[in-house]
Amino acid sequence: MHVREKYVGRIRESIRELADRLVPVQLTISVGSSPISAYRRPTLFPNNDVSIDQTLYALLFEKEDGTPLAGIVNYAVHPTILHPSAVQRANRVSTECVGMAMNELEDQTGGGFVALFTQGFSGDVAPVLPGIGTLEDSYNNVKQAGHQLFVDISRALETKEEIDSSTIRTARQKVAIPTRDGYYKPFLEVTIYGVSLGEVALIFAPGEIFNGYVDKFKQVSLFRYTIPISMTNGHPGYFPTAEAFHEGKGGYELTVTPFDERVDAMLTAAAGSVLEELFHNKQD
């Protein structure tokens with residue numbers, strides 16, 4: 001048997017086994033916040049002069065008897081605290097602060113509970129605790145930020161709202177975004193995906209999205225909750241907002257982005273189309 005066929009067969013069998021274990025679930029949403037991230041331009045270090053959206057979302061899937069099965073957490077933070085420096089060892093591997101928070105949440109909940117972290121819009125966001133630039137081992141900072149995020153998730157979960165998730169809808173739109181002058185390609189094609197669960201919409205975008213798009217996407221959404229998820233379906237680079245090109249802060253992100261200010265209107269319009277399709281299908 002060809003190696004590919006062998007592994008495809010194993011995946012297929014695993015899907016069958018999981019399908020046999022499906023059970024009815026109730027979806028809840030919890031909304032909180034966390035202080036472990038901050039605006040980072042024009043440097044890569046925290047800049048508290050500019051506020052960001054620090055909203056934390058937690059979706060919880062529970063059995064009919066209330067037993068938690070799985071959760072999805074969303075928050076905007078760059079998990080880049082573990083950073084090689086003059087006194088650190090290179091090539092260390094870590095789940096970083098977000099992975100540690102998920103591990104602690106799973107351990108506390110028990111019973112085989114699985115937690116998935118999704119990255120919010122954090123293209124111009126830095127972790128508050130230092131990693132980049134520090135001359136000391138930053139691993140303790142990783143652990144501290146991970147525990148703080150776990151505490152903030154637990155606090156958010158103290159208040160849960162049930163969501164009617166009996167109908168799941170999906171939608172997507174591809175958009176060719178023109179690139180800045182001198183870039184080696186005239187445009188880059190990106191895909192925006194959406195999934196709706198009752199009054200909740202998950203909107204998926206590729207690359208590193210500036211935090212300012214959180215409000216832009218919410219403004220074109222008719223859903224009660226719109227959860228922004230980045231770093232999905234490829235990484236074409238940084239997606240600055242139109243304002244970022246004119247505010248004079250500069251920074252690394254504007255130097256390396258393949259886009260110019262046209263990206264803002266096109267990305268927001270594509271997200272709006274996906275969210276509108278999801279919402280009107282939900283009404284059918």
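Mentor: Let's start with a term: a residue is buried when its relative accessible area is under 20%, exposed when over 50%, and partly exposed in between (1.4 Å probe, protein chains only). This is a predicted model, where local features need pLDDT of at least 70 and side-chain atom pairs count only at pLDDT 80 or more, while totals for chains, interfaces and linings use all residues. Residues are numbered from 1 along each chain as its sequence is written, and side-chain values use heavy atoms, leaving out hydrogens and water.

Trainee: Why is R41 called buried?

Mentor: R41 has a relative accessible area of 1%. The cut-off is under 20%, so R41 is buried.

Trainee: What makes R41 and E253 a salt bridge?

Mentor: The term asks for a side-chain nitrogen of Lys or Arg within 4 Å of a carboxyl oxygen of Asp or Glu. For E253 and R41, the closest N and O atoms are 4.0 Å apart, and the pair counts as a salt bridge. The two come from distant parts of the chain, 212 residues apart: E253 sits in helix 5 (residues 252–256) and R41 in the loop between strand 2 and strand 3. Helices (H or I, at least four residues) and strands (E, at least two) are DSSP runs, numbered from the N terminus. E253 is buried too, at 0% relative accessibility. Both residues belong to a network of salt bridges with R40 and E247.

Trainee: Which peptide bond joins R41 and P42?

Mentor: A cis peptide bond, with omega about 10 degrees.

Trainee: Why is R224 called exposed?

Mentor: R224 has a relative accessible area of 51%, and the cut-off is over 50%, so the word fits. R224 forms a salt bridge with E161, where the closest N and O atoms are 2.6 Å apart. E161 is partly exposed, at 22%.

Trainee: How do you know that strand 12 is largely enclosed by the rest of the structure?

Mentor: In strand 12 (residues 225–229), 5 of the 5 residues are buried, so the strand is largely enclosed. Y225, I227 and I229 cover one side, with T226 and P228 on the other. In a regular strand the side chains alternate between the two faces of the sheet.

Trainee: What makes strand 10 and strand 12 a pair?

Mentor: Strands pair if DSSP finds at least two bridges between them. Strand 10 (residues 200–204) and strand 12 are joined by 5 bridges and run parallel, so they meet the rule. One of the partnerships is F204 with I229.
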